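Trainee: Please take a close look at the interior of this chain, meaning its cores, its enclosed spaces and some of the residues around them. One connected account would suit me.

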Amino acid sequence: MSRTLRSPFMQDNRFQSARLLVPIVLSIAIAPSFHALAAGRSPHVEIVFPGKSWENRDPAQLGLNPALLDQFATNVGGDGCIVKNGWLVKTWGEQTTHKWWASASKPDLSTLLLLAVQEGKLPSVDVPVKTAGWNLSDKDSTMTFRHLANMVSGYGCAEAPGAAWGYNDFAIQLYAKSLEKVFQQSLDDAFKQRLASLQFEDGSFFGHRNGLSVDASPRDFARLGWLWLNRGRWNGKELISTKLYDACIKPDVPRDLPRTVT
């Protein structure tokens, strides 16, 4: 498991895999069998989804070592929770307090991107960002939403879109503001409206940095993690197209792509 989260379209193999699937900052959702889920098979375990609140289960009942979970919580510190098979098996610190999730906001933005494509608000992830209404420079005119999600946009850098990789917060801000334009509503409203089935318990999800970054409670972020680990499905409903979801977790950044020099 990686501590770093990047966009679901970003799979730079020079770095430890950082797929959208595992939100490890303060919340953890543990899949019963990731390989079975990824292959479309149903593991032979009971999978549940929370209603208005998470249901607790003794970790030992699910094959987890309570002592190791306690040690993990001590090592990590802060506030957090662990989910296994849809059951809440470990909590520590504050569960309801909103946290700024920093770079873990990036896969949330790309979840919105998938939903925009699914709804037909964007024809694909390869549509130029300028179609959102921005007056971009000639160099940036070919920049697409895929470029922004992959951190290869070149925005504010010397390189053209797709020519180099760079961890670029200016580009992420453009990404977030562009999605607001696409949905014509705040990111928080767009997110919660389309994922209402998750029944977030603690109010807003996007609330930091003028509503462009995730500000959610640990137990609510864990709901999103559980959606990702179930490949966009929630309690029998396909909230995110399986076709789009499967495409977004495949390696998409060339291994030999250089890093930006600026």
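Mentor: A polar contact is a pair of N or O atoms within 3.5 Å; within protein, one must be able to donate a hydrogen and the other to accept it, and residues adjacent in sequence count only if both atoms are side-chain atoms. One such pair joins the side chain of Asp79 to the backbone nitrogen of Glu94, at 2.9 Å. The model is a predicted one, in which local features need pLDDT of at least 70 and side-chain atom pairs pLDDT 80 or more, while totals for chains, interfaces and linings use all residues. Residues are numbered from 1 along each chain as its sequence is written, and side-chain values use heavy atoms, without hydrogens or water.

Asp79 sits in the loop between α2 (66-76) and β2; helices (H or I, at least four residues) and strands (E, at least two) are DSSP runs numbered from the N terminus. Asp79 is buried, with a relative accessible area of 13%, where buried means under 20%, exposed over 50% and partly exposed in between, for a 1.4 Å probe and protein chains only. The C-alpha atom of Asp79 lies 9.5 Å from that of Thr96, 17 residues away along the chain.

As for the whole chain, eight helices and eight strands are present. Of its 262 residues, 52% count as buried. Contacts (heavy atoms within 4.5 Å) often span long stretches of sequence: among those between residues at least 6 apart, 62% join residues at least 24 apart. A long-range pair from the interior is Ala222 and Ile82, 140 residues apart in sequence but 7.7 Å apart C-alpha to C-alpha. Ala222 belongs to helix α7 and counts as buried because its relative accessible area is 0%.

Now the cores. In soluble globular proteins, nonpolar side chains tend to be buried together. A nonpolar core here is a set of buried Ala, Val, Leu, Ile, Met, Phe, Trp, Tyr and Cys residues joined through side-chain atoms within 4.5 Å. The largest has 58 residues, and Leu112, Phe145, Tyr175, Leu179, Leu195 and Phe205 touch the most other members. At least two residues of this core come from each of β2 (80-84), α3, α4 (145-149), α5, α6 (187-194), β6 (213-216), α7 (218-229) and α8 (242-248). Helix α5 supplies the largest share, eight residues. A second core, separate from the largest, has nine residues, including Val48, Leu62, Leu64 and Val89.

Phe145 shows one set of these packing relations in detail. Leaving out residues up to four places away in sequence, Phe145 touches Leu113, Leu122, Val125, Val127, Pro128, Val129, Tyr175, Ser178, Leu179 and Val182. Two of these, Tyr175 and Leu179, are also named among the residues of the largest core with the most contacts to other members.

The spaces come next. On a 1 Å grid over the protein atoms alone, a cavity is a set of points where a 1.4 Å probe fits but cannot get out, a pocket is an open set with protein on both sides within 12 Å along at least five of seven lines, and lining residues have an atom within 4 Å of a point. Points are joined across faces, edges and corners, and volume is the space filled by probe spheres set on them.

The search finds one cavity of 30 Å³ or more, and the largest cavity holds about 40 Å³. Its lining consists of Met151, Val152, Ser153, Gly154, Cys157, Ala164, Trp165, Gly166, Asn168 and Thr260. By class these are five nonpolar, five polar and no charged residues, with Ala, Val, Leu, Ile, Met, Phe, Trp, Tyr, Cys and Pro as nonpolar, Asp, Glu, Lys and Arg as charged, and the others, Gly among them, as polar.

The second largest pocket has a volume of about 270 Å³. Of the 13 residues in its lining, Asp169, Ile172, Gln173, Arg209 and Ser213 lie nearest the centre. Helices α3 and α5 (169-183) are the elements that give two or more residues to that lining. The largest share, five residues, comes from α5. Six of the lining residues of this second largest pocket are nonpolar, four polar and three charged.

Ser213 also makes a side-chain polar contact with Ser105, at 2.9 Å. Ser105 is found in helix α3 (residues 105-118) and is buried, with a relative accessible area of 4%. Beyond its neighbours within four places in sequence, Ser105 is in contact with Ser213 and Val214.
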